[in-house]
Every structure is written in structure tokens, then in C-alpha cells.
Amino acid sequence: GSSVAEERPAFTGLTKENLRKLAKMSVDPQIVRNMPSILSGFGIILVYVYALPGMNADGAVFHLSTGHPVIAMSLRFPRLDYFWFTLLHELARLVLHPDQLRDPVFYDVEASEEKDRAEKAANRLAKDSIVDRETWRSCAPKYDTSDHAVHTYAAEQGVHPSLIAGLLRKESGNYKRYSSIINEHDVRAFLFQP
């Protein structure tokens, strides 16, 4: 019989440009349903699992013997910003260190990144895929905390507003802000309801 891996193209690598294009797909909240088939086109296998072994893992990435990368996501939190940041973080690892993934690397969104340079670099690249570094430094939502400012900047960057709200919450440490934007969509409902 043919295995899953045989049916998909070989993984030939991923670029920062690919990441930016994928991040822009977030404007359609429902696109999460299609991410496994979209990533399959790159030779990447995306699976959703209820719990990952060890720690509060949100995502993991590793290679099969066929050379196909596997990204596993636990969807511990059903928010769209969290789904996208975790996915982009795992994809960023494939951009930055495609050869260092013989053993699974687990990722915890809430863990400190200080200890691990690879985690830090993956977080930075994930963020750079969502927003342009230059405009982010002085973007309007940093001064105007209205939902409107978030929506406007998100439209300029071509991504879903919840991704911008998520970055702003993380940076400010204020996780009460923007809850209507953040909680508007439930990723688990998109994925696991018929």
C-alpha cells in the first residue's frame, strides 16, 4: 500500500517569503481547515493532536525517515492568534534549522524563550511573518488601544486582526486587552465540527 509520505511532494525547504504568504492566509479564519492540504503542497505534514507528550506543549516539529517534516499542534487554546503564532513558530524552525530536527522539538507558547536561542529566533521569524518589522515599531495600535486601530493596522499588513491583537498583548503583557477580537473565533470549532 502507499504511505501518506509517498503521496506528497518531497520537502525541498521553506523560505521567509513562504511564511509571509502563509501568514496572510489568516485573513480568512476558516482557512485553518485547509492548512493540512496547503502545507502538504510543501511536503509538510500537519496533524492536530489533543495532547502532546511532556510539558504543556503547544506544538512539535520533527522529520520522518522520508525527510518529510511533521508539525503536530495540540490546540491547547482555541484562539486564532494562538493557532497562527504556534504554526508560524514551527514553520519558522523549518526555515531556520531544517537539518536539526531529527528528534522532536516541543514548543510551549507560554514558556520563557530566554534559555533557548533557537526558540527566540523562531519567535522572531514568526512575528516578522505577521508584521513588517519597520512599521511595527511605531504602528498606531501602540498608541491607540482601540479595536479600530488593530483592525486598520491588520488590514495594512494583510493579516487577521487577532494576530495583531495577540502580538500587542504579548508585548504589553496586558492579556485583558482586545478580548472581543481575540475570542471572536474558536479554532477547535472550525476543525472538529462537521
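Which residues have the most contacts inside the largest nonpolar core? In this predicted model, they are Trp84, Leu87, Leu91 and Ile164, and the core they sit in has 47 residues. Helix α3 (residues 80-96) chips in ten of these, the largest share. As a general backdrop, nonpolar side chains in soluble globular proteins tend to be buried together.

Zooming out, the chain has 194 residues, and 47% of them count as buried. It holds nine helices and four strands, strung together from the N terminus as α-α-β-β-β-α-β-α-α-α-α-α-α. Among contacts with a separation of 6 or more, 68% come from residues 24 or more positions apart. On the outside, about 9,800 Å² is exposed, with carbon and sulfur atoms supplying 53% of that.

Back to Ile164, then. Setting aside neighbours within four places in sequence, Ile164 is in contact with Ile130, Val131, Trp136, Val150, Tyr153, Ala154 and Val159. Ile164 also turns up where two helices meet: on the α6 side are Val150, His151, Tyr153 and Ala154, and on the α7 side Pro161, Ile164, Ala165 and Leu168. Sorted by type, the residues of this contact come out as seven nonpolar and one polar, with no charged ones.

As for geometry, the axes of α6 (residues 147-157) and α7 (residues 161-172) come within 8 Å and cross at roughly 115°. The crossing of α6 past α7 is right-handed.

Notes
Residues numbered from 1 in each chain as written. Predicted model: local features only at pLDDT ≥ 70, side-chain atom pairs only at ≥ 80, totals over all residues. Heavy atoms only, no water. Axes fitted to C-alpha atoms, helices over the stretch in contact; angles between N-to-C directions. Left-handed = near helix turned anticlockwise from the far one by under 90°. Contact = heavy atoms within 4.5 Å. Nonpolar A, V, L, I, M, F, W, Y, C, P; charged D, E, K, R; others polar. Core = buried A, V, L, I, M, F, W, Y, C linked by side-chain atoms within 4.5 Å. Buried < 20%, exposed > 50% of the residue type's maximum accessible area, 1.4 Å probe, protein only. Areas by Shrake-Rupley, 256 points an atom, 1.4 Å probe, with all protein chains shown as cover.
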